[in-house]
Amino acid sequence: MSISDIFASTAGQLDEHERLRIYVEGIRERAAKAVPWNPDTVGIPAQSGDNALMRINDIAFYANARQEIVSFSDRCLALLDSHRPRDAGALGSGSTPPARRCRCCMLRWPCPTVRELGR
């Protein structure tokens with residue numbers, strides 16, 4: 001999914017905020033349902049040399065990655081819940097839709113926070 005896919009909205013399709021929210025929820029759901037990662041369920045790359053600390057760090061990464069992805073997704077969803085579009089109250093000219101602003105930061109929609117999450 002590219003940034004242009006997220007922000008290109010056509011009639012009858014979900015808006016950019018809703019698509020991004022669904023995308024992050026999908027990541028969270030897949031991570032939550034995944035088998036816990038540990039040395040027995042994933043391949044740990046071979047280490048060059050006999051550095052036991054690097055091997056322990058790899059195992060710790062795999063052991064915690066599932067929960068860290070769920071937690072990170074929760075933070076992204078909280079940001080998306082705060083930063084959502086709203087009508088700016090201005091009138092559009094002709095067939096142009098009225099301007100929208102972010103409910104949280106009041107910047108023009110899409111705000112920098114949502115653009116960055118989409119990137």
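Helices (H or I, at least four residues) and strands (E, at least two) are DSSP runs, numbered from the N terminus. The model is predicted, so local features need pLDDT of at least 70 and side-chain atom pairs count only at pLDDT 80 or more, while totals for chains, interfaces and linings use all residues. Residues are numbered from 1 along each chain as its sequence is written, and side-chain values use heavy atoms, with hydrogens and water left out.

**Exercise 1. The fold in outline**

State how many helices and strands the protein chain has, and in what order they run.

Solution. Start with the count: there are 4 helices and 2 strands. Next, read from the N terminus: the order is α-α-α-β-β-α. Now add burial. Buried means under 20% relative accessible area, exposed means over 50%, and partly exposed lies in between (1.4 Å probe, protein chains only). Of the 119 residues in the protein chain, 20% are buried.

**Exercise 2. Helix 2 and its neighbours**

Find the span of helix 2, then list its buried residues.

Solution. Take the length first. Helix 2 covers residues 16-33, which is 18 residues. The expected span of a helix is 1.5 Å times one less than its number of residues. From first C-alpha to last, helix 2 reaches 26 Å, close to the 26 Å expected. Then list the buried residues: E16, H17, R19, L20, V24, G26 and A31.

Look at one of them. G26 lies in helix 2. Its relative accessibility is 18%, so G26 counts as buried. The C-alpha atom of G26 is 9.2 Å from that of S73, although 47 residues separate the two along the chain.

Another contact in space involves H17. R115 sits in helix 4 and is partly exposed, at 40% relative accessible area. The C-alpha atoms of R115 and H17 are 9.7 Å apart, with their positions 98 residues apart in the chain.

**Exercise 3. Placing I69**

Locate I69 and decide whether it is buried, partly exposed or exposed.

Solution. First, the element: I69 belongs to helix 3, residues 52-82. Second, the exposure: a relative accessible area of 31% makes I69 partly exposed. Third, a partner far along the chain: R30 is 39 residues away in sequence, and the two C-alpha atoms are separated by 9.7 Å.

**Exercise 4. The nonpolar core**

Name the residues of the largest nonpolar core and say which helix gives the largest share.

Solution. A nonpolar core is a set of buried Ala, Val, Leu, Ile, Met, Phe, Trp, Tyr and Cys residues joined through side-chain atoms within 4.5 Å. The largest one has 9 residues: L20, V24, C76, L77, L80, C102, W109, C111 and V114. Helix 2 and helix 3 each supply at least two residues of this core. Helix 3 gives the largest share, 3 residues. Check one member: C76 has 8% relative accessibility, so C76 is buried.

**Exercise 5. Counting disulfides**

Count the disulfides, then explain why C105 does not form a bond with C102.

Solution. Recall the chemistry: a disulfide is a covalent bond between the sulfur atoms of two cysteines. Here the rule is a pair of cysteine sulfur atoms within 2.5 Å. The count is 0 disulfides. For C105, the closest cysteine sulfur is in C102, at 3.6 Å, which is too far for a bond. C105 is partly exposed, with a relative accessible area of 30%.

**Exercise 6. Strand 2 and the loop after it**

Describe R101, M106 and P110 by place.

Solution. Begin in strand 2 (100-102), where R101 lies. R101 is partly exposed, at 29% relative accessibility. R101 and P85 are 16 residues apart in sequence, and their C-alpha atoms are 5.6 Å apart.

Move on to the loop between strand 2 and helix 4, which holds M106. Phi of M106 is near 65°, a positive value in a residue other than glycine. At 36% relative accessibility, M106 is partly exposed.

End with P110, in the loop between strand 2 and helix 4 (112-118). A cis peptide bond joins W109 and P110, with omega about 0°.
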